[in-house]
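Me: I would like to learn how to read aromatic pairs, nonpolar cores and a small sheet in a model. Could you take me through them in turn?

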Amino acid sequence: MAGGKLSPRQKMINLMYLIFIAMLALNMSKEVLAAFGLMNTKLEASNEKTTESNLAFLGGLETKSTENPEKYSELYEKAKQIKELSQGYFDYLEDLKGKMTKDIEDPTDYQVMDKSDYLDQKFFQGDNLAPEGKKFLKNITDYRDQVIAILPEKMTEVKASVKAKFQTGDANGKEERRDGTKVDWINYHYEGFPLIASLTKLTALQSDVKATEEAALKAMLEGQLTGEISLKNFQTLLDQKKSVFYAGEKFDGSIVLGKTDKSSKPVKADLTLDGRKLAEGRDYALESGGVKLLISAGSAGDHELKGQLIYMQDGEEIPVEVNNIFSTINKPNAAVIAADKMNVVYRGVSNPMTISIPGIPDNKVTASAPGLSRRSGSKYVMNPGKGRTVRIVASGVLPDGQRISTPAEFRIKDIPRPSGTIRGEANSAKMPRRNLEIATVGALLEDFDFDLNLAISGFKFKVPGQPTVNVKGGKLDARAKGALKRARRGDAVQIFDIQAYITNNRTYKLKKVSPVVIEITN
């Protein structure tokens, strides 16, 4: 293209074309590296969530093994073995990843991870595998085979999934390339690849480990949930029609099993109320699911029910302990008004409030104040206007006909000053130039009790030594990107005068948003 019988000018033009094409190819390579890095980050985040889920499943199996050892203890032991194997293999992969990136200054700068030297030298010796390569293969096959061996025979689908996830090629350990040639599985997947690609593959293996652990634990737990649980592990609950009673009012409630199993009826009961022995027929009646209490609510204060309910199981009498407390209160003469989230209300926000009067149904309670509206029952919403305080008055009529009315005063505050963000990071951040080009400018309310959707209509962008650029929207435009190209490594780029608004209340004027400073890392 640059040779042949061409004029010097044409040769130069052709050479420039070659250089331009090479630059395009290099840029595309950097984009691919960044894509692998983003995928690696997402996989690592997913692994963290799966870890939490797996701990919950293991905890569930531990609880079941305590409640019903006959059915769950063996499964729990198998689950602990799989957990231990998974953690060991996961840690091995994590250690390998750490060694791969230990010499990289910025672990999030994926575009510099384009070399394949590390794994090529660690796993391979000429045409043969190095000791570390053999260890890598052994670890994956050992994990696969040991997990399959531990899983119960009936979990065929889980076993098949484990085998597929950690398959190392065909029967001969080979993988077929696009040209039809076959190579060893480890060469096919890990030889000659950029560092970030191999790092992502190892994170994907960790994801398979977590998924295997999750599938095994979930199958073990859910496979036995329909089994019977001993009555010795049940607790009694006080099933009452309402939470409080007036002094002298007849108590309306029952003692029931925690599972509320209506098919279980006690054969007898031995109960006391505040130390006084209760009599069957007069103070309580045996019924399906528990005991119906026929007692009076008594005087104001706490009242203690103690004793035992006796159930029959496998021909034996099984006692279930009763130890419950209920409270009786005097008739109220004032309303209870409380903000659900705070002792103030905020301007520009729909503040949820609960307004009720004990002993009076919600549909017979009324409340009034500027900006107050009822949603349902005792739930209200306050949208305060001008001023520093708002006065709410709640009224209602007690069952005996007495009317009560109670005022309450709340302070009105403005929404606090939002913090500017870039890529979700507030106030300051470090990132490569390319990441900043595609990042989104935002705003958030730190430590604010309400989740408000804030949007950005514009901002100012300043690169040291360059004129300030006014930008519309939440991303850098062409002019801003042009200024950014002149920034040098270590420069502090500023995003300020951020114009933010509440998406569902654009009429409210937020306080000035704090700026964001970004240090350019390349």
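The dialogue below goes through these features one at a time.

Me: Before we begin, what kind of model is this?

Reply: This is a predicted model, and the values that follow are computed from it.

Me: How do I classify a pair of aromatic rings, say Y346 and F448?

Reply: The idea is to take the distance between the ring centres together with the angle between the planes, where an angle over 60 degrees counts as edge-to-face. The centres of Y346 and F448 lie 4.9 Å apart and their planes stand at 85°, so this pair is edge-to-face. Y346 belongs to strand β15 (residues 344-346), whereas F448 sits in the loop between β25 (441-444) and β26 (454-462), so the pair ties together parts that are 102 residues apart in sequence.

Me: Does F448 have another aromatic partner, and if so which, and are these rings buried or exposed?

Reply: F448 also pairs with F450, at 5.6 Å centre to centre and with 45° between the planes, which makes that pair tilted. Both Y346 and F448 are buried; because buried means under 20% relative accessible area, F448 qualifies at 11%, and F450 does so at 9%.

Me: Where do charged side chains lie over aromatic faces?

Reply: Here one looks for a charged group above the face of a ring. K201 lies over the face of Y190, at 5.7 Å from the ring centre, and R506 lies over that of Y501, at 3.7 Å. Y190 also forms one aromatic cluster with F123, F124, F136 and W185.

Me: Which residues touch the most other members of the largest nonpolar core?

Reply: In a core of 43 residues, those residues are L61, Y89, F136, L151, Y190 and L205. Seven helices are listed as each supplying at least two residues, among them α1 (8-67), α4 (131-150) and α7 (195-222), while the largest share, eleven residues, comes from α2. To follow one member outward, take L205, which, leaving aside neighbours within four places in sequence, is in contact with Y89, L93, F136, I140, F166 and Y190. A second, separate core of 37 residues includes V471, A483, L510 and I520.

Me: What is the strand order in the open sheet of three strands?

Reply: One reads such a sheet from strand to strand, and here the order is β23-β22-β25 with antiparallel pairing. The edge strands, β23 (425-426) and β25, each pair on one side only. Strand β22 (residues 419-422) is joined to β25 by four bridges, and S419 stands opposite L444 in β25.

Key:
Residues are numbered from 1 along each chain as its sequence is written. This is a predicted model: local features need pLDDT of at least 70, side-chain atom pairs count only at pLDDT 80 or more; totals for chains, interfaces and linings use all residues. Side-chain values use heavy atoms; hydrogens and water are left out. Rings of Phe, Tyr and Trp (its six-membered ring) pair if their centres lie within 6.5 Å; planes under 30 degrees apart count as stacked, over 60 as edge-to-face and the rest as tilted. Buried means under 20% relative accessible area, exposed over 50%, partly exposed in between (1.4 Å probe, protein chains only). A charge sits over a ring if NZ of Lys or CZ of Arg is within 6 Å of the ring centre and within 35 degrees of the ring normal. A nonpolar core is a set of buried Ala, Val, Leu, Ile, Met, Phe, Trp, Tyr and Cys residues joined through side-chain atoms within 4.5 Å. Contact means heavy atoms within 4.5 Å. Two strands pair if DSSP finds at least two bridges between them.
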